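Please open the model in a viewer and keep the selection panel at hand. The tour below proceeds stop by stop, from enclosed space to open space and then to a pair of helices.

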Amino acid sequence: MKLFSSMSVTLVLSVLFLQSTMAVGANVTYDHRSLIIDGQRKLLISAAIHYPRSVPAMWPGLVQLAKEGGADVIESYVFWNGHELSPNNYYFEERFDLVKFVKIVQQARMYMILRIGPFIAAEWNYGGIPVWLHYVPGTVFRTDNEPFKYYMQKFTTYIVNLMKQEKLFASQGGPIILAQIENEYGYYEQSYGDGGKAYAMWAARMALSQNIGVPWIMCQQWDAPDPVINTCNSFYCDQFTPISPNKPKIWTENWPGWFKTFGSRDPHRPVEDVAYAVARFFQKGGSVQNYYMYHGGTNFGRTAGGPFITTSYDYDAPIDEYGLPRLPKWQHLKELHEAIKLCEQALLNGDLTLLRLGPLQEADVYTDSSGACAAFLANIDDKNEAVVQFKNITYHLPAWSVSIFPDCKNVAFNTAKVGTQTSIVEMVAENVQPSVVSPNKDLKVPQWEFFVEKAGLWAEADFNKTGLFDHINTTKDTTDYLWYTTSLYVDEKERFITNGSQPVLLVESKGHALHAFVNQELQGTASGNGSVFPFKLETPISLKAGMNEIALLSMTVGLQTAGPYYEWIGAGLTSVKINGLSNDTVDLSESTWHYKIGLQGEHLGIYKADGLNSVNWISTRDPPLKQPLTWYKAVVDSPSGNEPVGLDMIHMGKGLAWLNGQEIGRYWPRKSSKHAQCVNECDYRGKFNPDKCDTGCGEPTQRWYHVPRSWFKPSGNVLVIFEETGGDPTQIRFSKRKTSGVCALVSEDHPSLRVETWNVVANENKNDKATARLSCPNKTFISAIKFASFGNPVGSCGSFMKGNCHDQSSTSVVEKICLNKNECSIELSEENFKKGLCLGIIRRLAIEAVCS
């Protein structure tokens, strides 16, 4: 995508100022209006990018794309359990190279908000706290508990000292202007009684004692003590008020989308509503706003929590999981940020006048002594548009929208009028190519090798106990997998053997998933979901006369991420019974069970270079299909081109995937219910909730799994798959993420001012016509116009249709201007389109073009 990089005079000056503040130590303070950096109040747009949810090769591009989108600040949590793998065993390499990430932000001349936590939630495994800490005797998380406070302070101090050592706090000349301790504890403080309040106050004092030279924040902490700033997390924070009148209004988490769980629908938040929420926040005195997430990224390996959070953490964010700008969301918000930045002087230094323009319409007008004036006109009616009078001029306000007037005269932006293009993005499949280093040079398809795990005890049991033990307490999250194995003797005179009936296995589990094997054969599978973790399995089983082996593979799908006393929530089997025998029900729950932690392939590390030869792989052109407990391996070439890559696992069941030893993550193309409620088009008007604008009913929650380009070598790439239930590895594909087309939909009353060229001093020429703009990715061109209509077209990108008013020359006009060009602009003018067409309506131009 070719991105516009020109800025207004105001934005250029702010960048120059930012560069100067980073040359030497900056003094960061605050008052009731905003943060103050070296004596100047700052209005800041922040973008959350979590460093472990992408890879170092992507970091510079992501940070730069956020900057081009209008962000001044990058925000990230610190991921304790990714850094302290065991007590005093610290890791800061590859995706967890925090210092490198912060320095990339610094090199981009941006600020940084470091949310140390170290509890973070974030749909991250165990809320970011190391699992080993739960097993330190006497430890209770997030309360006035000495072992927990000791380790929390030790890690917080370690991170602070690391940042100080690298001179990364603003007071040292670095980019970090704010730090956060704890996270959303206000939701749970009362659950811990007196210990909750004591812990929250201790956390604040401990943070302040670190002497980092910049302010500390606590989000959703309604009793944060001075000088800590309490901040807001929500879909809307315009009505939020800090607990102290001398603190600025900061929004640490504005959710532009939502996360997904395996088996759920795909949530989307309309950009019109995101923009409305942001504009309202600044209209009502906000000064720092952070998108959680601006780039969601990927939960590589086993880092997803929940449980049941998907490997994708796309979040419907302005930058998608693969690092591409999501259009129109990215561009519409960029234009919003530019409009808000033009109001910075008046917003932060002016006096406020509130004007009522109607029952649900209002104007917030800011003026200062220098003559600066900015106004925000809002229509908070979630159903009806409105016509209002402001400064003796009539304005049309769509429902649930805000118009921004940087000079109190001209509309620079309306949140509901999306004039930027929509991209049509596809996952284009490419056959997995066998590598040139494969033994057989003539192969057209990969030579697969496979290894089948033994169900149950693949080696000597780790321990044998009477009864069913908790899964998490047994594995301590070193693996997703725990085998529970026992045996059952069946008399040859049992009726089911002669009459052809089948006994029924009944299993109850606290979560999260289960595969049941009898005599090495898969009998059934069951799981909970993102809302209800416990589940029951009821399945007919095949027993034989004599001794039968019952092997139950229990699985976690990420650990709990938040909630009061969440570390005590368990998983695994609680009851095992068999119905249909002569003595009716056999309860195996209190039998002797043999426990085996993990898989043999995991234990031997057969997905890593130094473990690949630890088992006897069987080589074949026709690998076994629908075979449970099977490891597959192929040596493949890198996909062609340089587009982002996803691994298409639609024909597989459930399991784990690696490339060159790097953990791609859990795959599970589990489908959402086809009976759930989904929408074809989302009505942006009114309060958003995660179930409002879902799509994907009856479809897999996640089909493609991001494989970063930097993980590939030109050839000789080792792809390893562990399949739990059975699939078809020959159907695995690499898919490249491509923009195949673009759309535009612009109305005549769209604000015609290009915000990036706005001149707040000389603004005489503000009568440009509304314009539709199209741009294909670099090195591609507009090769065809699939649809064009000027009049009153209906529908949305990919499904436009002509209305009852249509200029017959629409297609030829657009083709003349746009064909064979990388980008083009079509003005909605009488020079281009028919005069006098459909008088009395606001006409629109809709276009869908092909990029190739």
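A cavity is a set of grid points where a 1.4 Å probe fits but cannot get out, and its lining residues have an atom within 4 Å of a point. The model on display is predicted. It holds two cavities of 30 Å³ or more.

**Stop 1: the second largest cavity**

Select Pro307, Ile472, His512, Phe533, Leu559, Gln560, Ile569 and Gly570, which line the second largest cavity. The space inside amounts to about 40 Å³. Colouring this lining by class gives five nonpolar residues, three polar and no charged.

**Stop 2: the largest cavity**

Next, select strand E36 (655-659) and strand E37 (662-667), each of which supplies at least two residues of the lining of the largest cavity. Then extend the selection to the full lining: Phe262, Asp480, Tyr481, Val557, Lys654, Gly655, Leu656, Arg666, Tyr667, Trp668 and Glu724. The volume of the largest cavity is about 40 Å³. Its lining comprises six nonpolar residues, one polar and four charged.

**Stop 3: the second largest pocket**

Keep E36 and E37 selected and move to the second largest pocket, which contains about 1,200 Å³ of space. Centre the view on Asn81, Leu85, Arg302, Thr303 and Glu663, the closest to the pocket centre of the 33 residues that line it. Add helix H3 (80-83) and strand E6 (84-86): together with E36 and E37, these are the elements that give two or more residues to the lining of this pocket. By class, the lining of the second largest pocket has 14 nonpolar, 10 polar and nine charged residues.

**Stop 4: helices H5 and H6**

Finally, display helix H5 (residues 146-165) and helix H6 (residues 194-208). Two packed helices are described by the angle between their axes and by the distance between those axes. At what angle do the axes of H5 and H6 cross? They cross at roughly 25° and come within 11 Å. Angles under 35 degrees count as roughly parallel, and H5 is therefore roughly parallel to H6. The crossing of the two helices is right-handed.

To inspect the contact, show the side chains of Phe148, Lys149, Met152, Gln153 and Thr156 on H5, and those of Tyr199, Trp202, Ala203 and Met206 on H6. By class, this contact of H5 with H6 consists of six nonpolar residues, two polar and one charged.

How values were computed:
Residues are numbered from 1 along each chain as its sequence is written. This is a predicted model: local features need pLDDT of at least 70, side-chain atom pairs count only at pLDDT 80 or more; totals for chains, interfaces and linings use all residues. Side-chain values use heavy atoms; hydrogens and water are left out. Axes are lines fitted to C-alpha atoms, for helices over the stretch in contact, and angles run from 0 to 180 degrees between N-to-C directions. Helices (H or I, at least four residues) and strands (E, at least two) are DSSP runs, numbered from the N terminus. Angles under 35 degrees count as roughly parallel, over 145 as roughly antiparallel, 65 to 115 as roughly perpendicular and the rest as oblique. A crossing is left-handed if the near helix is turned anticlockwise from the far one by less than a right angle, and right-handed if clockwise. Contact means heavy atoms within 4.5 Å. Ala, Val, Leu, Ile, Met, Phe, Trp, Tyr, Cys and Pro count as nonpolar, Asp, Glu, Lys and Arg as charged, and the others, Gly among them, as polar. On a 1 Å grid over the protein atoms alone, a cavity is a set of points where a 1.4 Å probe fits but cannot get out, and a pocket is an open set with protein on both sides within 12 Å along at least five of seven lines; lining residues have an atom within 4 Å of a point. Grid points are joined across faces, edges and corners, and a volume is the space filled by probe spheres set on the points.
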